[in-house]
Amino acid sequence: MASRHLSRSVAMQTLYEWDFRGKKKEELADIKERNIKEFASGMEDTSFITQLIDGVIKHLKELDKIIEKAAPQWPLGQVAVVDRNVLRMGLYELLFGKREEVPPKVAINEAIELAKSFGGESSGKFVNGVLGTVYREIGEPGKDDAPPASTAGRTESAFGETKSAKSSGEAMPADEKEEPKE
């Protein structure tokens, strides 16, 4: 497991437990240390875990307001604890993180993966929907950072992932069909 992905996992588990136990700030450091020992004992540099947790806590009220605005049909108290904390972390990275280290699409995709791993059956879709809404609202930063690629016979997903129409099973115009190689 990549170091940053593991760091996000430990940070999410820490925020989950802290939230589940009543959000007592005095317990947060102990929860974090215990989770690092249990889930990331071999990790030398745990600063990214701390950065994520501290960032979410620092911006907690603002992040929660954004979640409420982006998912108005889901009062924050009714959002599953895992989903709520995955969203907080994803929004923190999307809005307050260092974009040169973690591009917005990476922050979104990592949050979706955490939701799929730790949440319920529809958690990935829910997190994708909320973060996608916020990403579009802030003007899709980083959308055009990648060098332009040939678009013939290619489609783009909601988060800019390009795939060939041939591999996705989509129909292609006759003049764009890939010729078989002999």
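Contact here means heavy atoms within 4.5 Å. The legends below describe close-up views of a predicted model.

**Figure 1. Surroundings of E93 in helix α5.** The residue E93 belongs to helix α5. Its relative accessible area is 5%, so E93 is classed as buried. When residues up to four places away in sequence are set aside, E93 touches R8, F48, L52, V102 and A107. E93 is also one of the residues lining the largest cavity, and E93 appears in the lining of the second largest cavity as well.

**Figure 2. The largest cavity and its lining.** Searching the whole structure yields 2 cavities of 30 Å³ or more. The largest cavity holds about 50 Å³ of space. Its lining consists of R4, F48, Q51, L52, Y92, E93, G97, K98, E101 and V102. Two or more lining residues come from each of the elements α3 (47-58) and α5 (81-96). Helix α3 contributes the most to this lining, with 3 residues. Sorted by class, the lining of the largest cavity comprises 4 nonpolar, 2 polar and 4 charged residues.

**Figure 3. The second largest cavity, with lining residues from α5 and α6.** A volume of about 40 Å³ is found for the second largest cavity. The residues that line the second largest cavity are R8, V86, M89, G90, E93, A107, E110, A111 and L114. Helices α5 and α6 (104-118) are the elements that supply two or more residues to this lining. By class, 5 nonpolar, 1 polar and 3 charged residues make up the lining of the second largest cavity.

**Figure 4. The salt bridge between E110 and R8.** In the structure as a whole, the count of salt bridges comes to 12. One salt bridge joins E110 to R8, with 3.7 Å between the closest N and O atoms. This pair links distant parts of the chain, since E110 lies in helix α6 and R8 in helix α1 (residues 3-20), 102 residues apart. Both partners, E110 and R8, are buried. The two residues also occur together in the lining of the second largest cavity.

**Figure 5. D64 and R88, a salt bridge between helices α4 and α5.** The side chains of D64 and R88 form a salt bridge with an N to O distance of 2.7 Å. Because D64 lies in helix α4 (residues 60-70) and R88 in helix α5, the pair ties together parts that are 24 residues apart in sequence. The relative accessibility of D64 is 11%, so D64 counts as buried. For R88 the relative accessibility is 1%, and R88 therefore counts as buried. With neighbours within four places in sequence left aside, D64 is in contact with L76 and R88.

**Figure 6. The salt-bridge network of E17, R21, E27 and R34.** Salt bridges link E17, R21, E27 and R34 in a network. Within this group, R21 forms a salt bridge with E27, and the closest N and O atoms are 3.7 Å apart. R21 has a relative accessible area of 42% and is therefore partly exposed. E27 has a relative accessible area of 23%, which makes E27 partly exposed. The lower bound of the partly exposed class is relevant to E27, because buried means under 20% relative accessible area.

**Figure 7. Helix α1 from S3 to the residue that follows the helix.** Helix α1 has 18 residues and reaches 25 Å from its first C-alpha to its last, close to the 26 Å expected at 1.5 Å a residue. Of its 18 residues, 13 are buried, so α1 is largely enclosed by the rest of the structure. S3 is found in helix α1. S3 has a relative accessible area of 44%, so S3 is partly exposed. S3 and T46 are separated by 43 residues in sequence and by 9.1 Å in space, C-alpha to C-alpha. The residue G22 follows α1, and the phi of G22 is positive, near 105 degrees.

How values were computed:
Residues numbered from 1 in each chain as written. Predicted model: local features only at pLDDT ≥ 70, side-chain atom pairs only at ≥ 80, totals over all residues. Heavy atoms only, no water. 1 Å grid on protein atoms, 1.4 Å probe; cavity = no way out; pocket = protein on both sides within 12 Å on 5 of 7 lines; lining within 4 Å. Points joined across faces, edges and corners; volume = space filled by probe spheres on them. Helix = DSSP H or I, 4+ residues; strand = E, 2+ residues; numbered from the N terminus. Nonpolar A, V, L, I, M, F, W, Y, C, P; charged D, E, K, R; others polar. Buried < 20%, exposed > 50% of the residue type's maximum accessible area, 1.4 Å probe, protein only. Salt bridge = Lys/Arg side-chain N within 4 Å of Asp/Glu carboxyl O. Expected span 1.5 Å × (residues − 1).
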